[in-house]
Each structure stands twice: as structure tokens, then as C-alpha cells.
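Welcome! Here is a short guided look at one protein model and the ligand it holds. Please have a look at the picture before reading on.

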Amino acid sequence: MDTIKLLEIAEKAKENAYVPYSKFHVGAALLTKSGKIYTGCNVECASYGGTNCAERTAIFKAVSEGDKEFEAIAISSDNPGETYPCGICRQVILEFGRDIKVIVGESKGKHTVFTIDDLLPKCFSGVDLQK
Ligand code: THU
């Protein structure tokens, strides 16, 4: 699975976003270490705090299906260029490994690959709860 293909899948997943309030579509494509792909979109709620981001939708779908080993997650939004995961989603991605790749940008344009460690250095994590 290459980076561009995963971004294409994220771009397609964006079409399912339920965004009556922000009108801002976000899609994610999560690649497991075994090669399976889970997609996600943002799902908004009239009680705004009930909103779930695309990245977490994809991760929660995967975990609920028994997958917890992740290779990469690609993110796409209505904005041109790169859309980065929000702080909450960074924390949730990191929960499953510091080496997970985060791919932002456009399949037909510039895109960049980070690790979640790049995007959330010096963080609180499960390690802190073992002390
Ligand atoms: N959103 C995501 O889906 N992922 C992010 O990382 C940032 C924000 C969504 C949540 C909400 O539906 C909309 O974008 C505006 O915040």
C-alpha cells in the first residue's frame, strides 16, 4: 500500500462526512500492519461535544473489529494542502504506537509523511501510568 493510494482512500472517505454544522468534510484511511484498511469520516452532533473526528472514527472502527496494530493513517479535508490531526486525535493515534505514520496532503499534489512521534513529542502516554 503506497502513500498516494492511502490518501486517495481518505479523499473518498471524506464524501461520507456528516457535517451539517461545520460543512467541513474530513476523511481518514487507516492501514493496519496486516494490510487491512479502515476508513473514517467526521460525524457531527447538534450537541457539538458529541462530534467525532475522521481519524478517531477510523481507529475506533478498527479496534472494535479486533485490529490494534497500525502502520499508517492518511488524512484529507476540504482544505487544499495539508490537514493535520487535532490534538485529541494525535493522542489517540499515539495510544497505538509512536511509529505510526501520519500522511497529510493531497494524492495529486504535495503530501508529507510524519510519525505521530513527530507530531506529539513530549506527551503523556500509557508509560506514565506504569510509574
Ligand atoms: N475534524 C476532524 O475530523 N479531524 C481533525 O483532526 C480536525 C477536525 C472535524 C471535526 C469537525 O467535524 C470539523 O472537523 C470541524 O472541526
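The report below starts at the ligand, then turns to some annotated residues and a strand.

First, a word on the source: this is a predicted model, in which local features need pLDDT of at least 70 and side-chain atom pairs count only at pLDDT 80 or more, while totals for chains, interfaces and linings use all residues. Residues are numbered from 1 along each chain as its sequence is written, and side-chain values use heavy atoms, with hydrogens and water left out.

**Around the ligand**

Which residues surround the ligand? Those around it (a heavy atom within 4 Å) are Ser-22, Phe-24, Val-26, Asn-42, Glu-44, Thr-51, Cys-53, Ala-54, Glu-55, Tyr-84, Pro-85 and Cys-86. Sorted by class, this shell has 7 nonpolar, 3 polar and 2 charged residues. Here Ala, Val, Leu, Ile, Met, Phe, Trp, Tyr, Cys and Pro count as nonpolar, Asp, Glu, Lys and Arg as charged, and the others, Gly among them, as polar.

Three side chains bring an N or O atom to an oxygen atom of the ligand, as a polar contact (a pair of N or O atoms within 3.5 Å; within protein, one must be able to donate a hydrogen and the other to accept it, and residues adjacent in sequence count only if both atoms are side-chain atoms).

| Side chain | Distance to a ligand oxygen atom |
|---|---|
| Asn-42 | 2.9 Å |
| Glu-44 | 2.5 Å |
| Glu-55 | 2.7 Å |

On its own the ligand has 370 Å² of accessible area (Shrake-Rupley method, 1.4 Å probe), and the protein covers 78% of that.

**Annotated residues**

Glu-55 is also covered by the UniProt annotation "active site", from an unreviewed entry; such annotations may be inferred rather than shown by experiment. Glu-55 sits in helix H2, residues 54-64 (helices are DSSP runs of H or I, at least four residues). Is Glu-55 buried or exposed? Glu-55 counts as buried because its relative accessible area is 4% (buried means under 20%, exposed over 50%, partly exposed in between). Beyond its neighbours within four places in sequence, Glu-55 is in contact (heavy atoms within 4.5 Å) with residues including Val-26, Pro-85 and Cys-86.

The unreviewed UniProt entry's "binding site" covers residues including Asn-42, Glu-44, Cys-45 and Ala-46. Cys-45 lies in the loop between strand S2 (37-41) and H2, and is partly exposed at 30%. Ala-46 lies in the loop between S2 and H2, and is exposed at 58%.

**A strand residue**

Thr-112 belongs to strand S5, residues 111-115 (strands are DSSP runs of E, at least two residues). Its side chain makes a polar contact with that of Lys-110, at 3.4 Å.

Note on methods: Buried means under 20% relative accessible area, exposed over 50%, partly exposed in between (1.4 Å probe, protein chains only).
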